[in-house]
Amino acid sequence: MNKKLKILLSGGGTGGHIFPAIAIADEIKKRFPDAEFLFIGANGKMEMEKVPQAGYKIEGIDIAGIDRGNLLSNLGLPFKILKSLSRSKEIIKDFKPDVAIGTGGFASGPALYEATKLGVPVFIQEQNAHAGVTNKILSKAAKAIFTAYPKVAGFPVEKIKFLGNPIRSVIISGMQETTQAKQKMGLNKDKLTILSVGGSLGSRTLNNAWKSHLKQITDKDYQLIWQTGKLDYKDIIEETKNIDTRNIQIREFIKDMELAYSAADIIVSRAGAIAISELAVAQKPVLLVPFPFAAEDHQTKNAMNLVEKNAARMVKDSEMQEKFWNTLSEICENENVRKEMSTNLEYFAKPDATKEIVDEIFKVINR
């Protein structure tokens, strides 16, 4: 390409929308160092902080979703939508992008809608097994839709490209041999090791489950790497100070997640889209506990895609008390089950997702 590329991206509200957009931008920048990038985000949301931290310019628009907990607060929503459409149009006309890429979230709706009206080729990257409302609406005008699952309800089948979610490059490059990773983490290399991850804030459901089963962990002589998250960490440390926890590492946050994935024989996790994509690359047997209040219950739909391929087990939030330990024990005690799950996870492992998404975008641009 002779002229300088201009790339418009929009996605936000959560890290699951923001970080794939940044990963795609990074891959394009690697190929075209002179390219210009502009993000459109929602004022007051985390993208307004995270995108500049990643080195990219962002413009904010005043947009929000429907507040189902306070219906009166939605009275001004039509005016916000009109204002955000008008502002998006101004930004796009001024920037004149060659392509627009949306990864979901409130801001991507007005941004990509106006891009299509102005004749800009639009691409969508959907992280979950169930399409978000914004991406469903935009899918009709999209040139292609990049997904982490082979079928996503709500999208035209002919536009879907099952390429996976962009994930952190360190997860791909940093995976190590299990024995070596256990030793680096100060664990016994010969003991079965469970990793529990519930996100940066943590999962109270998972934390309560472990508090109820610490004795079983000790009795079975398993090792547990327990990432509690910020909210419960101090209370858990206090509650466990008089308990035998020599086989248990309690962490508020795990910085070197690739090392923890490597050390684990089994992983227990929520079923967020990016988490599942990382777990698939790690290829460790996994027990998923979907967060039941995710929009349109998309975490359960994510998990079911793996369960149907026998690549994971799932326990619903509401069934933890009756089913958690028995389901986990079935995985722990049966090496053949673990091997089969690891093998089947390979179907969802897409370590080259970011590269392949960018390849597809440029195929269209070059045509």
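## A walk through the model

Start by selecting Leu-214, which sits in helix 9, the run covering residues 214-220. Keep in mind as you go that this is a predicted model. Leu-214 has a relative accessibility of 6%, so it counts as buried. What does Leu-214 touch, once you skip neighbours within four places in sequence? Show Leu-224, Trp-226, Thr-240, Ile-243 and Ile-248: each of them is in contact with Leu-214. Now add Asp-244 and draw a C-alpha to C-alpha distance from Leu-214; you should get 8.8 Å, although the two are 30 residues apart in sequence.

Next, colour residues 193-356. An unreviewed UniProt entry lists this span as "domain: Glycosyl transferase family 28 C-terminal". The span is 48% helix and 14% strand, and its end C-alpha atoms lie 34 Å apart.

Time for some annotated positions. The unreviewed UniProt entry gives the label "binding site" to Thr-14, Gly-15, Gly-16, Asn-128, Arg-168, Ser-200, Ile-254 and Gln-299. Select the set and look at how it spreads: the farthest two C-alpha atoms are 24.0 Å apart and the positions span 286 residues in sequence, so they do not all gather at one spot.

Zoom in on two of these positions. Gly-15 is in helix 1, residues 15-31. Is Gly-15 buried or exposed? Its relative accessibility is 18%, and since buried means under 20%, Gly-15 counts as buried. Setting aside neighbours within four places in sequence, Gly-15 is in contact with Pro-20 and Met-46.

Then hop to Asn-128, in the loop between strand 5 (122-126) and helix 5 (133-139). With a relative accessible area of 9%, Asn-128 is buried too. Beyond its neighbours within four places in sequence, the contacts of Asn-128 are Tyr-149, Val-152, Ala-273, His-298 and Asn-302.

Hold on to Tyr-149, as it leads to the next stop. The largest nonpolar core has 59 residues, and Tyr-149 is among those with the most contacts inside it, along with Leu-195, Met-257, Tyr-261, Ile-267, Leu-288 and Leu-306. Which helix gives the most to this core? Select helix 12, residues 273-282: it supplies six residues. Colouring by domain is worthwhile here, as the core draws at least three residues from each of domain 1 (6-165 + 351-366) and domain 2 (170-347).

Finish at Tyr-261. Not counting residues up to four places away in sequence, Tyr-261 touches Ile-171, Met-175, Leu-195, Ile-267, Glu-278, Leu-279, Ala-282 and Lys-284.

Terms used. Residues are numbered from 1 along each chain as its sequence is written. This is a predicted model: local features need pLDDT of at least 70, side-chain atom pairs count only at pLDDT 80 or more; totals for chains, interfaces and linings use all residues. Side-chain values use heavy atoms; hydrogens and water are left out. Helices (H or I, at least four residues) and strands (E, at least two) are DSSP runs, numbered from the N terminus. Buried means under 20% relative accessible area, exposed over 50%, partly exposed in between (1.4 Å probe, protein chains only). Contact means heavy atoms within 4.5 Å. UniProt positions are given in the numbering used here, feature names are shortened, and annotations may be inferred rather than shown by experiment. A nonpolar core is a set of buried Ala, Val, Leu, Ile, Met, Phe, Trp, Tyr and Cys residues joined through side-chain atoms within 4.5 Å. Domain bounds come from an automatic or database domain assignment.
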